[in-house]
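Let's take a walk through this model, starting at one helix and working outwards. Keep the viewer open as you read.

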Amino acid sequence: MAPAADQGFDNIQYLLVGYSADLLADLDGLLPERSVAVIETPEVIEARGVREQIGPVRCLADVIAAPTQDESNAARLVSEIPRPARIRAVVPAGDYGVVAAAVLAAAWGLPGAGPDAAPVFRDKALLRRTASAAGIAQPEWRVVTGPEEVAEFRAGGDGSCVLKPTNRQASVGVQILPPDADTATAWALTAGAEEQMFRPGESGGSRYLAERLLRGPEVSAEVLVRDGEITFFNSTTKDVLPGRHPVEMGHVVPGQESDEVAARLAAGMRALVEAAKFSTGVLHGEWIVVDGVPHLVECAARLPGDYIVELVEMAYDWSLLRGFLAVLEGRHAEPAPPAVRGAAIRYLSAEPGEVREVRGAERAGAVDGVREVLVRVRGGDTVEPITSSWKRPGHVIATGADGPAAVRAAERARAALTIETHRPG
């Protein structure tokens, strides 16, 4: 559905491919009034009330229904979405807009990931093949089509493995299978994983991977890339939930790995940029360090989530978001200074059940160094088991003189908070 001329589409300067409430809120303080349009699938627009954001979000001018998640036929968007006369940048707002954003940017002569590179970062199997060809360390892997093939793969190791969809986000459907796990049950859980607010009516994924389980510290690398050259590098040390669902429960910026590991991590990201022929934008790569060697887990071609953008800004006094916009507009980003402090986030957890009471938010906020306390649940809400990033009930963010000091402050604040739940009946 092409946008109507009377909606002022020709005045749009920034096109967000996919809807992200958090990104729009951040952009609202940076971009001119009514300079942004969002294109999103009709089902997501309806499910998430996206059109209701026009007005409250000052920079948002229009919301356009388009098949942004049809990655196999993204080229159709070029004929369906006319090029705004004043367009400056096409911005992928999340994983499910990466391919469409790259296709539109290329068609309109604007910087972007590149239409050939973008699919590499939306298909974990294609990413594995690309990394293998470049000699990048990663776990042994196999595309699997059912529980029988998962069982065959597990038999070749110690019986444990990772099972994941190839095309989902936020750890949705990702499981660690211990040696005694029932393969059929695990397959059903991964294949049935849903994101109804982001991919309404869909479950599971298009394909699935089984991977050898790697054991070691988890880190991510965030890089800003312009014309194939990395202009900013950051590492983030992670705290991951133990057990079958390895959901991230904390981050600290800058990362706490050794200089040698950091150098290898940076080299791995450079190799990935070159192997995928990634042109311009941000890459957020997940790695596990085994015997001092970073092994690639996965990589996304968009801004990192989980408040890492905010942690980077707190640690460096420099905005990754501004840098992202600059390179997508074809400009040079302002150079980042060295990190001047540490910044950390710790996510909240609670026993699954109905929330009776939330206590300690004021005490948490009073901890020295705490920047933010956010509790997403209140009395009467339901806390579910943490099986993906969407299930976490809140977080605290803190800064300190360095990374360990920031972590200590965040953990003190988290300890001050209690989410009391009970199981009805």
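Which residue with a positive phi follows H5? That would be Gly135, with phi near 75 degrees. Bear in mind throughout that this is a predicted model.

**Around H5**

Back at the start of the helix, Asp123 caps the N-terminal end of H5, with a side-chain oxygen 2.9 Å from the backbone nitrogen of Ala125. The buried residues of H5 are Lys124, Ala125, Leu127, Arg128, Thr130 and Ala131. What covers them includes strands E5 (141-144), E6 (161-165), E8 and E13 (293-300), along with helix H8.

Arg128 is the one to click on. Its relative accessibility is 1%, so Arg128 counts as buried. Its salt-bridge partner is Glu211, and the closest N and O atoms of the two are 3.0 Å apart. Because Glu211 sits in strand E8 (residues 208-211) and Arg128 in helix H5 (residues 124-133), the pair ties together parts that are 83 residues apart in sequence. Glu211 counts as buried too, at 3% relative accessibility. The pair also belongs to a wider group: Arg128, Lys164, Glu211 and Glu298 are linked in a network of salt bridges.

**Other salt bridges**

The structure holds 25 salt bridges. Here are three of them, side by side.

| Pair | N to O distance |
|---|---|
| Glu211 and Arg128 | 3.0 Å |
| Arg142 and Glu149 | 3.9 Å |
| Arg264 and Glu260 | 3.1 Å |

How buried or exposed are the partners in the Arg142 pair? Arg142 is partly exposed at 28% relative accessibility, and Glu149 is partly exposed at 23%. The Arg264 and Glu260 bridge stays inside one helix: both residues lie in H8 (residues 259-276), 4 residues apart, which is about one turn of the helix. Arg264 is partly exposed, at 36% relative accessibility, and so is Glu260, at 49%.

**A three-stranded sheet**

Now for some strands. Sheet strands pair through backbone hydrogen bonds, in either a parallel or an antiparallel way. Here, 3 strands make an open sheet in the order E17-E15-E19, with antiparallel pairing. E17 (382-383) and E19 (418-422) stand at the edges with a single partner strand each, so one side of each is left without a neighbour in the sheet. If you look at how E15 (residues 353-359) meets E17, you'll find 2 bridges joining the antiparallel strands. Gly353 stands opposite Val383 in E17.

**Cavities and a pocket**

How many cavities of 30 Å³ or more does the structure hold? There are 2, and the largest has a volume of about 100 Å³. It is lined by 16 residues, and the closest to its centre are Pro92, Gly112, Ala113, Thr280 and Ala301. Strand E4 (89-92), helix H4 (98-107), strand E12 (281-290) and helix H10 (320-328) are the elements that give two or more residues to that lining. H4 supplies the largest share, 4 residues.

H10 turns up again at the second largest pocket, where H10 gives the most to the lining, with 4 residues. This pocket has a volume of about 280 Å³. Its lining counts 18 residues, and those nearest its centre are Leu30, Arg322, Gly323, Ala326 and Arg331.

**Backbone oddities**

A few backbone angles deserve a glance before you close the viewer. Most peptide bonds are trans, and most residues other than glycine have a negative phi. The peptide bond from Val253 to Pro254, though, is cis, with omega near -5 degrees. Pro254 belongs to the loop between strand E11 (248-253) and H8.

Then come two aspartates. Asp306 is not a glycine, yet its phi is positive, about 55 degrees. Asp306 lies in the loop between E13 and helix H9 (308-316). Asp317 also has a positive phi of about 55 degrees, and Asp317 is found in the loop between H9 and H10.

Which of the two is buried and which exposed? Asp306 has a relative accessibility of 17%, so Asp306 counts as buried. Asp317, at 52%, counts as exposed.

Methods. Residues numbered from 1 in each chain as written. Predicted model: local features only at pLDDT ≥ 70, side-chain atom pairs only at ≥ 80, totals over all residues. Heavy atoms only, no water. Salt bridge = Lys/Arg side-chain N within 4 Å of Asp/Glu carboxyl O. Buried < 20%, exposed > 50% of the residue type's maximum accessible area, 1.4 Å probe, protein only. Contact = heavy atoms within 4.5 Å. Polar contact = N/O pair within 3.5 Å; in protein donor to acceptor, adjacent residues only side chain to side chain. Pairing = 2+ DSSP bridges. 1 Å grid on protein atoms, 1.4 Å probe; cavity = no way out; pocket = protein on both sides within 12 Å on 5 of 7 lines; lining within 4 Å. Points joined across faces, edges and corners; volume = space filled by probe spheres on them.
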